[in-house]
Amino acid sequence: AQSKYAVSLIPEDLKKDANAVVRDKYFKVEIIAQDKMVYTNAEVITILNKKAENQEFIHLNFDNDQSIKSAEILIYDAEGNQIKKINKSDFSESSVTDGFSLYTDNRELRYTHIPVNYPYSIAYRYSIQTTNTAFIPFAFPIEDYGISVERSMYELVYPGNIGIRVKESGLEH
């Protein structure tokens with residue numbers, strides 16, 4: 001049986017003039033309480049050539065108000081066979097400076113994949129929990145130039161007793 005991540009399954013019109021194709025993206029924000037929110041991002045992106053090299057690294061920012069609950073990356077070859085699995089413990093952690101503060105608690109988990117062959121696919125999933133619910137994370141269905149999108153979904157879940165103000169734009173197409 002052919003893997004669902006085989007490059008041959010991508011429609012030709014999505015590969016035309018593209019450096020990468022987002023195969024499947026699911027971004028979920030769950031507000032649990034006034035001071036507790038979890039957001040999860042699960043994405044599969046096929047890197048068609050080296051022009052999409054900025055898609056080859058995953059970095060997750062966190063601080064004292066945020067914790068990374070889980071992080072996992074799977075790498076697939078052009079036929080869709082899994083060739084590598086990266087767990088949260090395989091990421092490198094570093095301090096992130098803003099350039100002007102004497103002290104900051106901003107941290108980053110980062111993983112960079114160095115490809116052997118193109119095309120290949122990266123499937124990653126991470127969950128972050130935060131106490132800051134003032135700003136709800138957003139997701140861009142189209143991430144950058146030269147990237148086609150096969151499927152992208154955003155879900156916001158919250159209790160009925162919490163009021164949410166929503167502004168949608170750019171969804172005409």
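Reader: Is Tyr118 buried, partly exposed or exposed?
Author: The model is predicted. Tyr118 has a relative accessibility of 33%. Buried needs under 20% and exposed needs over 50%. The value lies in between, so Tyr118 is partly exposed.

Reader: What form does the peptide bond from Tyr118 to Pro119 take, cis or trans?
Author: Most peptide bonds are trans. Pro119 sits in the loop between β7 and β8. Omega for the bond from Tyr118 to Pro119 is near -10 degrees, and the bond is cis.

Reader: How many aromatic pairs does the structure hold?
Author: Rings pair if their centres lie within 6.5 Å. The number of aromatic pairs in the structure is five.

Reader: Tyr5 and Tyr76 form an aromatic pair; which geometry does it have, stacked, edge-to-face or tilted?
Author: The ring centres of Tyr5 and Tyr76 are 4.9 Å apart, with 55 degrees between the planes. Stacked needs under 30 degrees and edge-to-face over 60. The angle fits neither, so the pair is tilted.

Reader: How many residues apart are Tyr5 and Tyr76?
Author: Tyr5 lies in the segment before α1, and Tyr76 lies in strand β4. The pair links distant parts of the chain, and the separation is 71 residues.

Reader: What is the relative accessible area of Tyr76?
Author: Tyr5 counts as buried because its relative accessibility is 16%. Tyr76 is buried too, with a relative accessible area of 10%.

Reader: Tyr118 pairs with which aromatic residue?
Author: The pair is tilted, at 5.8 Å centre to centre and 45 degrees between the planes. The partner's relative accessible area is 2%, so that ring is buried. The partner's place is in strand β8. Tyr118 pairs with Tyr120.

Reader: What separates the C-alpha atoms of Tyr120 and Ala20?
Author: Along the chain, Tyr120 and Ala20 are 100 residues apart. In space, their C-alpha atoms are separated by 9.6 Å.

Reader: Where is Thr130, buried or exposed?
Author: Thr130 is found in strand β8, which spans residues 120–130. Its contacts beyond four places in sequence include Asp35, Tyr39 and Gln66. With a relative accessibility of 3%, against a cut-off of under 20%, Thr130 is therefore buried.

Reader: Which residue has its backbone nitrogen 3.0 Å from a polar atom of the side chain of Thr130?
Author: A polar contact needs N or O atoms within 3.5 Å. At 3.0 Å from the Thr130 side chain lies the backbone nitrogen of Asn132.

Reader: Which residues touch the most other members of the largest nonpolar core?
Author: That core has 27 residues. The members with the most touching partners are Leu60, Ile73, Phe91 and Ile122.

Reader: How many residues form the second, separate core?
Author: Its members include Ile10, Leu14, Val21 and Leu48. The size of this second core is six residues.

Reader: Which elements give two or more residues to the lining of the largest pocket?
Author: The largest pocket has a volume of about 1,200 Å³. It is lined by 30 residues, and those closest to its centre include Phe138, Tyr154 and Lys167. The elements giving two or more lining residues are β1 and β10.

Reader: What is the phi of Asp17?
Author: Most residues other than glycine have a negative phi. Asp17 lies in the loop between α1 and β1. It counts as exposed because its relative accessibility is 68%. Asp17 is not a glycine, yet its phi is positive, at about 60 degrees.

Methods: Residues numbered from 1 in each chain as written. Predicted model: local features only at pLDDT ≥ 70, side-chain atom pairs only at ≥ 80, totals over all residues. Heavy atoms only, no water. Helix = DSSP H or I, 4+ residues; strand = E, 2+ residues; numbered from the N terminus. Buried < 20%, exposed > 50% of the residue type's maximum accessible area, 1.4 Å probe, protein only. Polar contact = N/O pair within 3.5 Å; in protein donor to acceptor, adjacent residues only side chain to side chain. Contact = heavy atoms within 4.5 Å. Core = buried A, V, L, I, M, F, W, Y, C linked by side-chain atoms within 4.5 Å. Phe/Tyr/Trp six-rings, centres within 6.5 Å; stacked < 30°, edge-to-face > 60°. 1 Å grid on protein atoms, 1.4 Å probe; cavity = no way out; pocket = protein on both sides within 12 Å on 5 of 7 lines; lining within 4 Å. Points joined across faces, edges and corners; volume = space filled by probe spheres on them.
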